[in-house]
Amino acid sequence: MWGRIALKYPFAYSSQACAIYYQNVVNSAAYRRKPVKGHPLLETGKEALKLGRVPPEIIKDLEEYMKFVEMCTAKHNVEAGDKNLALSLLTRSDIKLAYKKLLLSTMFLTAIENNSPAFSQFRVRK
C-alpha cells in the first residue's frame, strides 16, 4: 500500500515504531497460506512507468524493487502450493541469480515438507 501511495504522492518517513505485530499467535491468519495472483504494487508501478510518472533518478530502483516483490510473491505462492509464478520467474533473464536460488531453495524445502513430514523437523531455517 505504501509503495503505491509513494508512486502517486509525496510522503514522509518516520523510523518510530507505531504498531506491534505478534508472530506466534495460535490460529493466526498469517499461518494460512493461499496463492495470490500478484502484488498490487506491481500493477501500479508498471502503470506509473508506462505513463512516465516516475522520476528518472529512481526508475532503476523501482524496477529492481518490483522484481524483488515478484520474487516474494512467487515464494509465498510456492509455500501455498502454487509453483507457476516461480517457474516463470526462473526462466526470465532479467531476474537476479540470487532470487532464482531463493526460489529453488523454497521449492525444494516445500517439496520435502509436503512429501516427507518426518524430515521437516531437520529443516534449515530460510
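Helices here are DSSP runs of H or I with at least four residues, numbered from the N terminus.

**View 1. Welcome to the chain: five helices and zero strands.** Let us begin with the whole picture before moving closer. The model shown is a predicted one. Walking along the chain from its N terminus, you meet the elements in the order α-α-α-α-α. The chain has 126 residues, and 23% of them are buried. Among contacts with a separation of 6 or more, 55% join residues that are 24 or more positions apart. Keep that in mind for the close-ups, several of which show parts of the chain that meet across such gaps.

**View 2. Helix α2 packs against helix α3.** How is a pair of packed helices described? Two things are used: the angle between the axes and the distance between them. For α2 (residues 40–50) and α3 (residues 59–80), the axes come within 10 Å and cross at roughly 155 degrees. Because angles over 145 degrees count as roughly antiparallel, α2 and α3 are roughly antiparallel to each other. The crossing of α2 past α3 is left-handed. To find the contact, look on the α2 side for L41, L42, G45, K46 and L49, which meet I59, L62, E63, Y65, M66, V69 and E70 of α3. By class, the residues of this contact are eight nonpolar, one polar and three charged.

**View 3. The buried side of α2 and the glycine just after the helix.** Which residues of α2 are buried? They are L41, L42, T44, G45 and A48. L41, L42 and G45 also appear in the contact with α3. The cover over the buried residues of α2 includes α1 (2–8) as well as α3. Just after α2 comes G52, a residue with a positive phi of about 75 degrees.

**View 4. Helix α3 beside helix α5.** Here α3 meets another partner. The axes of α3 and α5 are 9 Å apart, and the two helices pack at an angle of about 5 degrees. Angles under 35 degrees count as roughly parallel, so α3 and α5 are roughly parallel to each other. On the α3 side, the contact is made by E64, K67, F68, M71, A74, K75, V78 and E79; on the α5 side, by Y99, L102, L103, T106, M107 and T110. This contact has eight nonpolar, two polar and four charged residues.

**View 5. A network of salt bridges links K67, E70, R92 and D94.** How many salt bridges does the structure hold? There are five, and this view shows some of them. One of them joins the side chains of K67 and D94, with 4.0 Å from N to O. K67 belongs to helix α3 and D94 to the loop between α4 (84–90) and α5 (97–115), so this pair ties together parts that are 27 residues apart in sequence. D94 has a relative accessibility of 35% and counts as partly exposed. R92 and E70 form another salt bridge, at 3.0 Å from N to O. This pair also links distant parts of the chain, with R92 in the loop between α4 and α5 and E70 in helix α3, 22 residues apart. R92 and D94 meet in a salt bridge too, at 2.9 Å from N to O. Is E70 buried or exposed? E70 counts as buried, because its relative accessibility is 12%, under the 20% cut-off. R92, in contrast, is partly exposed, with a relative accessible area of 26%.

**View 6. N77, a buried residue of helix α3.** The last stop stays on α3, where N77 has its place. N77 counts as buried because its relative accessibility is 2%. Which residues does N77 touch, leaving aside those up to four places away in sequence? The partners are K34, P35, V36, D82 and L85. Another residue to look for here is K37, which lies 40 residues from N77 along the chain, while their C-alpha atoms are separated by 8.7 Å.

Key
Residues numbered from 1 in each chain as written. Predicted model: local features only at pLDDT ≥ 70, side-chain atom pairs only at ≥ 80, totals over all residues. Heavy atoms only, no water. Axes fitted to C-alpha atoms, helices over the stretch in contact; angles between N-to-C directions. Parallel < 35°, antiparallel > 145°, perpendicular 65-115°, else oblique. Left-handed = near helix turned anticlockwise from the far one by under 90°. Contact = heavy atoms within 4.5 Å. Nonpolar A, V, L, I, M, F, W, Y, C, P; charged D, E, K, R; others polar. Buried < 20%, exposed > 50% of the residue type's maximum accessible area, 1.4 Å probe, protein only.
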